[in-house]
Each structure stands twice: as C-alpha cells, then as structure tokens.
Amino acid sequence: MSKNGEMPLKLGDKLEISSGGLEIYVSSLEDITPQGDYGLSIPQRHGRQAILRAGTEAELIFYRADGRYSMAASVLGYMASGSVQLLVVRPRVDEIRRAQRRRAFRMPMASVAVVGAGWPEVLPYGRPSNRQNSEESVKTVDISEYGVGFITLGQYNPGDKVYMRIALNWPEPGSPPVEVFGLVRRRMPVDSRSGEVVIGVEFTTISQNDRKYIAKYIIQKQQAEIGRRMARHIRKKED
C-alpha cells in the first residue's frame, strides 16, 4: 500500500511499463493476487508485445490528477486468467515516487559510445587527456540535450563522474563524436541473469555547439519517424 494506506492502482487502471528505460509499453491492471502481486495485460508498443523474463526489474508508470508517478517492480512471470495470459509483477508500493518532468525529450538511439570512470585531466582547449586503459565501449539506448542512457556490465553508481565520447554518426557515418563530462543519475537492472544495467547520465559539461548538434539530431530523427508512420498509414489505406 501507499503511504496513506491506499492501493496505488485499481483494477482497470491504465499504466506504462519500462524495463531498463529502453522502451515504454502500455498495459492495464487486470488482477491483484492475495499476495498483492499485479496481473497486467501483456504490455504492447505499436502492436508489438514486450518480452519480460522472470527476475527482470521494471518500472510501473501511472498518472493522477496531480502528476506522473512511478514505482519499481519485479517480474515474476506469467499466469493464465481464463483464456487470457497476464504478466505478473511484484510492485514495491512503498517506493512510489512522483516523477520529475524531463527538461528535454529523450530520443531512443542505438549507437556506440566510449565511457570512462572519473573526469580525466583536461588539456588546453578542453581536450581530455588519453585514458584509454580506463575506458569501455557501450551501447547507447537514448539521448537528449541534457543526458544519455547506455547499457553496461560496469559498476557505475549514482553520483559517479564519467567522461563520454558519443558517436551519433550523423549527418553521415564517421562524423566526429560528442565529448561530454557527466554525472550518473540512475542505475536500473535490465536482466538479473546477465548482470546488464542501464545507466542514466546527466551532462554537466558540454559545449553549446554539441548541445545544438544533439538537438538537431533528435529533430531529424523525429521527422524521419513521422514520415515512416505516414507512409505506413497510406499503405494501409491503399491495401
């Protein structure tokens, strides 16, 4: 139960579910077990079902009149409810938090970045010194003008300082990477078996040119996605 003793969600409530911050799927609360576990309709995104394994950590997102809320949950598996299959999760209702509004839209992005722990010694003109021995290549999952998310097996924790070179490969492959300093703000497990986690980094030092470059990249990707959706809609009408 929530702090005021009420259940945070009722049967039939709509919610969103995210695992690792990779993608947000839409679901609804269809059952509550005697143990307080939630039976959710199979989460979907653009007609595609989410595949969440038992042991995966997830975030449940729901809305109230005064804002957007979220709470952590553990995936237990699946169960049948009549002829319908439900995703079963164990919510941590004592960890409900009101979500803060993001300063900027985050664009899903599958790219490669190099991340190093700590802030390396800065050379003249802001160029970091060479510390390749403490760096690793990671796969990014989303980006905004103010931060980035990436998947790793590394032991990064909230508050850690990092240096990153992020390859957007835009407007053409091989374009120079964005170089930033940042602070780790969140760490969310993706799969307990693999040990992978998603790390969210807030940019603390980034040039205005690089921030504008990221903004232009996001706008271009949004426009391309809108174009693809319109093309699919036209094809469906013609079929």
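Buried means under 20% relative accessible area, exposed over 50% and partly exposed in between, computed with a 1.4 Å probe and protein chains only. Helices (H or I, at least four residues) and strands (E, at least two) are DSSP runs, numbered from the N terminus.

The model is predicted, so that local features need pLDDT of at least 70 and side-chain atom pairs count only at pLDDT 80 or more, while totals for chains, interfaces and linings use all residues. Residues are numbered from 1 along each chain as its sequence is written, and side-chain values use heavy atoms, with hydrogens and water left out.

**Exercise 1. Determine how far strand β12 is enclosed, and identify its pairing partners.**

Solution.

Step 1. Count the buried residues. Six of the six residues of β12 are buried, and therefore the strand is largely enclosed by the rest of the structure.

Step 2. Separate the two faces. G147, G149 and I151 point one way, whereas V148, F150 and T152 point the other way; all are buried.

Step 3. Find the partners. Two strands pair if DSSP finds at least two bridges between them. β11 and β12 meet this criterion in the antiparallel sense, with four bridges, and a hairpin of three residues joins them. Here I143 is the residue opposite V148. β12 also pairs with β15, again in the antiparallel sense, over six bridges; in this pairing G147 faces E202.

**Exercise 2. Describe the largest nonpolar core and the surroundings of F150 and V201.**

Solution.

Step 1. Fix the criterion. A nonpolar core is a set of buried Ala, Val, Leu, Ile, Met, Phe, Trp, Tyr and Cys residues joined through side-chain atoms within 4.5 Å. In soluble globular proteins, nonpolar side chains tend to be buried together.

Step 2. List the central members. The largest core holds 24 residues, of which F150, M164, I166, L168, V178, V201 and I214 touch the most other members. Two or more residues come from each of β10 (107–117), β11 (135–143), β12 (147–152), β13 (161–167), β14 (178–191), β15 and α1. Another core, of 20 residues, lies apart from this one and includes I42, A50, L60 and F62.

Step 3. Examine F150. With contact taken as heavy atoms within 4.5 Å, and neighbours within four places in sequence set aside, F150 touches V115, V138, K139, T140, V141, Y156, M164, V197, V198, I199 and V201.

Step 4. Examine V201. This residue belongs to strand β15 (residues 196–205) and counts as buried because its relative accessibility is 1%. Its C-alpha lies 6.0 Å from that of G182, although the two are 19 residues apart in sequence.

**Exercise 3. Test the length of helix α1 against its expected span, and name its buried residues.**

Solution.

Step 1. State the rule. The expected span is 1.5 Å times one less than the number of residues.

Step 2. Apply the rule. Helix α1 (residues 208–238) has 31 residues and should span 45 Å; its end C-alpha atoms are 45 Å apart, so the two values agree.

Step 3. Name the buried positions. These are D210, R211, Y213, I214, A215, Y217 and I218. An α-helix has 3.6 residues a turn, so residues three or four places apart point the same way.

**Exercise 4. Characterise three of the salt bridges by distance, burial and, where given, sequence separation.**

Solution.

Step 1. Set the cut-off. A salt bridge is a side-chain nitrogen of Lys or Arg within 4 Å of a carboxyl oxygen of Asp or Glu. The structure contains five.

Step 2. Take K10 and D13. Their side chains meet at 3.9 Å, N to O. K10 is exposed, at 51% relative accessible area, whereas D13 is buried, at 14%.

Step 3. Take D37 and R90. Their closest N and O atoms are 2.7 Å apart. D37 lies in the loop between β2 (24–32) and β3 (38–41) and R90 in strand β8 (residues 84–91), so the pair ties together parts 53 residues apart in sequence. D37 is buried, at 5% relative accessibility, and R90 is partly exposed, at 43%.

Step 4. Take R92 and E57. Their closest N and O atoms are 2.7 Å apart. R92 lies in the loop between β8 and β9 (97–98) and E57 in strand β6 (residues 57–64), so that distant parts of the chain, 35 residues apart, are linked. R92 is partly exposed, at 26%; E57 is buried, at 18%.
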